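Open your viewer and get ready to click through some residues. Keep the sequence panel beside the 3D window.

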Amino acid sequence: MEPQTQYPFSSVRFRLTAEAVEWLSGTTTDNDGNEIRNMAIFSGLLKDMRTTPGYDAGYRRPLNLQPGQAQFSEISLADKWNLGRKKMHNILAKMEAAGLVGIYNSRVGSAVSFSCIMGWKNSVG
């Protein structure tokens, strides 16, 4: 049995544009020619979304994040999905253009705000 991904919430309400639905239903080709579902890339970011304010310990220079945000590194995401950094940058730009996320970059780090999320229920326990 495969391990289940742990999300910090039990349910989420989304508002998706037609562009978002089209992008999420598509695929991206990795460096080895394998197809990756765009939904998998999006949900990979989503699982790191904060539901309470605070800092994430997984980064050398953590940002103070608000609920509905997640810190990320283009290089780490590119490595995780076997993509080039520029391709990962373009994927994030497509997510932003489709209304899925807002990207915030600073000299300290990068954060994504899930603009497509209308609300969520926190996990119990």
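What follows is a tour of this predicted model, one selection at a time.

**Stop 1: a patch on the surface**

Select Phe-14, Leu-16 and Val-21. Together they form a nonpolar patch on the surface. Their combined accessible area is about 240 Å². Now click on Leu-16 alone. Leu-16 sits in the loop between β1 (9-14) and α1 (18-24). Is Leu-16 buried, partly exposed or exposed? Its relative accessible area is 39%, so Leu-16 is partly exposed.

**Stop 2: an enclosed helix**

Next, select helix α2, residues 38-46. How many of its nine residues are buried? Seven of the nine are, so α2 is largely enclosed by the rest of the structure. Color the buried ones: Asn-38, Ile-41, Phe-42, Ser-43, Gly-44, Leu-45 and Leu-46.

**Stop 3: two helices that cross**

Keep α2 and add helix α4, residues 85-97. The two axes come within 12 Å and cross at roughly 85°. Angles of 65 to 115 degrees count as roughly perpendicular, so that label fits α2 and α4.

Which side chains should you show here? On the α2 side, pick Ile-41, Phe-42 and Leu-45. They meet Met-88, Ile-91, Leu-92 and Met-95 in α4. Note that Ile-41, Phe-42 and Leu-45 are also on the list of buried α2 residues.

**Stop 4: a second crossing**

Hide α2 and bring in helix α3, residues 74-81. Where do α3 and α4 stand relative to each other? Their axes come within 8 Å and cross at roughly 105°. That makes α3 roughly perpendicular to α4. On the α3 side, the contact is made by Glu-74, Ile-75, Leu-77, Ala-78 and Trp-81. On the α4 side, select Arg-85, Met-88, His-89 and Leu-92. Met-88 and Leu-92 also appear in the contact between α4 and α2.

**Stop 5: charged pairs**

Side chains of opposite charge can pair when their charged atoms come close. How many salt bridges does a search of the whole structure find? It finds two.

Stay where you are for one of them. Select Glu-74 and Arg-85, whose side chains meet in a salt bridge of 2.7 Å, N to O. The pair links distant parts of the chain, with Glu-74 in α3 and Arg-85 in α4, eleven residues apart. Compare how covered the partners are. Glu-74 has a relative accessible area of 19%, so it is buried. Buried means under 20%. Arg-85 stands at 40%, so it counts as partly exposed.

Now move to Lys-47 and Asp-48. They form a salt bridge too, with the closest N and O atoms 3.2 Å apart. Lys-47 lies in the loop between α2 and β4 (54-55). Lys-47 is partly exposed, at 29% relative accessibility. Asp-48 is also partly exposed, at 36%.

Try a distance label from Lys-47 to Glu-74. Their C-alpha atoms are separated by 16 Å. Along the chain, these two are 27 residues apart.

**Stop 6: an unusual backbone angle**

Most residues other than glycine have a negative phi. Now click on Asn-82. Asn-82 has a positive phi of about 60°, although it is not a glycine. You will find Asn-82 in the loop between α3 and α4. Its relative accessibility is 26%, so Asn-82 counts as partly exposed.

**Stop 7: a buried strand residue**

From Asn-82, draw a distance to Ile-36. The C-alpha atoms are 9.8 Å apart, while 46 residues separate the two along the chain. Ile-36 belongs to strand β3, residues 35-37. With a relative accessible area of 9%, Ile-36 is buried.

What does Ile-36 touch, leaving out residues up to four places away in sequence? Show Gly-26, Thr-27, Thr-28, Asp-30, Ile-41, Trp-81 and Leu-83. You have met Ile-41 already, among the buried residues of α2.

**Stop 8: another strand**

Finish at Ala-111, in strand β8, residues 110-113. Ala-111 is buried, with a relative accessible area of 5%. Draw one last distance, to Leu-63. The C-alpha atoms are separated by 7.9 Å, and the residues are 48 apart along the chain. Leu-63 is one of the residues that Ala-111 touches. Beyond four places in sequence, the others are Leu-65, Ala-70, Gln-71, Phe-72, Gly-102, Ile-103 and Tyr-104.

Definitions and conventions. Residues are numbered from 1 along each chain as its sequence is written. This is a predicted model: local features need pLDDT of at least 70, side-chain atom pairs count only at pLDDT 80 or more; totals for chains, interfaces and linings use all residues. Side-chain values use heavy atoms; hydrogens and water are left out. Patches are made of residues with over 30% relative accessible area and no salt bridge: like charges are joined within 9 Å, nonpolar side chains (Val, Leu, Ile, Met, Phe, Trp, Tyr) within 5 Å. Accessible areas come from the Shrake-Rupley method with a 1.4 Å probe; for residues, only the protein chains shown count as cover. A salt bridge is a side-chain nitrogen of Lys or Arg within 4 Å of a carboxyl oxygen of Asp or Glu. Helices (H or I, at least four residues) and strands (E, at least two) are DSSP runs, numbered from the N terminus. Buried means under 20% relative accessible area, exposed over 50%, partly exposed in between (1.4 Å probe, protein chains only). Axes are lines fitted to C-alpha atoms, for helices over the stretch in contact, and angles run from 0 to 180 degrees between N-to-C directions. Angles under 35 degrees count as roughly parallel, over 145 as roughly antiparallel, 65 to 115 as roughly perpendicular and the rest as oblique. Contact means heavy atoms within 4.5 Å.
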